[in-house]
Amino acid sequence: MKLAVASGKGGTGKTMVAANLAFTRAWANEPVTLVDCDVEEPNLHLFYPGPAITRDVTIPVPVIDTFRCQHCGACGKFCQYGALTVLPTRVLFFSELCHSCGGCVLVCPDNAISEEPKRIGTLSSASPLPCLTLITGTLDTGDPHAVPVIREAKKKADGSPVAIFDTAPGTSCTVIEALDGCDACILVTESTPFGLHDLKLAAKVAAQMGIPAGVVINRSDGNDELTHRFCAEQNLLPVLLTVPFDREIAAIQSRGDLLCRARPEWQKEFDTLFEQCRGLAREGP
Ligand code: SF4
Ligand code: SF4
């Protein structure tokens, strides 16, 4: 099963939910791959520190052979992203705009364009627990190509019986990429008007992508009527778990520990949460 943990708003505790879900799977000896798809700010590794194997993530970008180029303009005309500008004496290439489609290589009549790899980030692989593989995608600072890093990170979970994807917050294209192909999705929210506002956006995205979703209310102050009402009004958007606002839980998290490890009574809650997600995945959209 491929399960995404998303949230319309940052700071709701999405990473905490993903980390604890993976912990309970590994504790039950069920192989699980936990993938940090929040590549601009990955932080799952804070819950699972330890050695990791890291490699570069690259994308192919064009290189112009200035001796062969006749400045015909075909590549600049073809590139819909504005990454190539053909001047009378040279071709300008803006790598941050390039989507690595390879089209310019094909349209060049003089075979003046080849491709070379450009580093955009890294991928780390670790095994912090016997049944748990942690994959961390990290985008290089300032690089705009988050989507290929997420794609590479997700690919590492292929073949895993359970893959849990911790997405970026919000509803941007990086979230869409992380959600793509998932069997179910958890939307994490909190007891604030902002939390509810952004939950509505995230729920709409999941519905439009045809991904069954359920809600976790984190740091609940007990005033969640509006959230419950919204979920009840939706077609199949159950509230799966409520985690209270609690000083001790906050302290556990702030020291980088896992709720299910520090307070084992929570394992049952997260086990149930996972089984509910299995149910959502089985039922489909
Ligand atoms: S298509 Fe080829 S020959 Fe024409 S401007 Fe581009 S690189 Fe030069
Ligand atoms: S590979 Fe595609 S996006 Fe990149 S410069 Fe060439 S045509 Fe443009």
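What volume does the largest cavity have? In this predicted model, the volume of the largest cavity is about 100 Å³. The structure as a whole contains 3 cavities of 30 Å³ or more, and two of them are described here in turn.

Around the largest cavity, 15 residues form the lining. Nearest its centre lie Cys 79, Cys 98, Ser 100, Cys 101 and Cys 104. Two elements of secondary structure, the strand β3 (53-64) and the helix α3 (103-107), each contribute at least two residues to the lining of the largest cavity. Sorted by class, that lining comprises 10 nonpolar, 4 polar and 1 charged residues. Cysteine is counted among the nonpolar residues in this classification, so the cysteines named above belong to the nonpolar class.

The second largest cavity has a volume of about 80 Å³. Its lining consists of 13 residues, and those nearest its centre are Cys 69, His 71, Cys 72, Cys 75 and Cys 108. By class, the lining of the second largest cavity holds 9 nonpolar, 3 polar and 1 charged residues.

Further along the chain, attention turns to helix α8, which spans residues 247-254. Asp 246 caps the N-terminal end of this helix: one of the side-chain oxygens of Asp 246 is placed 2.7 Å from the backbone nitrogen of Glu 248. Beyond the other end, just after α8, Gly 256 adopts a positive phi of about 80°. Helix α8 is thus preceded by the capping residue Asp 246 and followed by Gly 256 with its positive phi.

Methods: Residues are numbered from 1 along each chain as its sequence is written. Chains are lettered from A and ligands numbered from 1 in the order in which they are written. This is a predicted model: local features need pLDDT of at least 70, side-chain atom pairs count only at pLDDT 80 or more; totals for chains, interfaces and linings use all residues. Side-chain values use heavy atoms; hydrogens and water are left out. A polar contact is a pair of N or O atoms within 3.5 Å; within protein, one must be able to donate a hydrogen and the other to accept it, and residues adjacent in sequence count only if both atoms are side-chain atoms. Helices (H or I, at least four residues) and strands (E, at least two) are DSSP runs, numbered from the N terminus. On a 1 Å grid over the protein atoms alone, a cavity is a set of points where a 1.4 Å probe fits but cannot get out, and a pocket is an open set with protein on both sides within 12 Å along at least five of seven lines; lining residues have an atom within 4 Å of a point. Grid points are joined across faces, edges and corners, and a volume is the space filled by probe spheres set on the points.
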